[in-house]
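I opened the model today to look up how its helices and its core are arranged, and these are my entries.

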Amino acid sequence: MKLVGKCKLLRIYLDENLKLKNQLLYRAMVQKLLELKIAGATVFKAVEGFGSRAHIHDAGVLELSENLPILIEVVDTPAQIRKALKAVEPLLPTHCLVTVQDIRVLHYHAPNGKHSPAKGL
């Protein structure tokens, strides 16, 4: 897969403990993105944050299993990001934040061992 140049970055901000049936929501979303053959997705667990409810979520020294903010980042072509959004929209909770922005991919290492080097800096 060639993933260099103009692409899109999809970000989905969620609470860690949200579930879909008996599965964590962020895991269900990543599984759905994998099934769609999206180039890749990464889940980040925050140390602290707050959102629309104005309630601070934080990881105290003894409270590492709190309901912390989660960020799912997805980078792919505009067409694939549209497909990803269409697939995850029905899974989104009532309070979350979803953003999409234009980005430029400079380097992508494909699974077949080939890579796309940076061009036009």
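Which exposed residues does the face of α2 turned away from its buried side carry? I found Arg 82 and Lys 86 there, where exposed means over 50% relative accessible area, buried under 20% and partly exposed in between, with a 1.4 Å probe and protein chains only.

I note that this is a predicted model, in which local features need pLDDT of at least 70, side-chain atom pairs count only at pLDDT 80 or more, and totals for chains, interfaces and linings use all residues. Residues are numbered from 1 along each chain as its sequence is written, and side-chain values use heavy atoms, with hydrogens and water left out.

I then listed the buried residues of α2 (residues 78–88), which are Gln 80, Ile 81, Ala 84 and Val 88. Seen down the axis of α2, these residues fall within an arc of 100 degrees, so they line one face of the helix; the arc is that of the directions from the helix axis to the C-beta atoms. I looked up their packing partners and found β1 (5–15), α1 (25–35), β7 (69–76) and β8 (97–105). Helices (H or I, at least four residues) and strands (E, at least two) are DSSP runs, numbered from the N terminus.

Next I turned to the largest nonpolar core, a set of buried Ala, Val, Leu, Ile, Met, Phe, Trp, Tyr and Cys residues joined through side-chain atoms within 4.5 Å, and it has 17 residues. Leu 14 and Met 29 are among those with the most contacts inside this core. The elements giving two or more residues to the core are β1, α1, β7 and α2, and α1 gives the most, with four residues.

Definitions and conventions:
Contact = heavy atoms within 4.5 Å.
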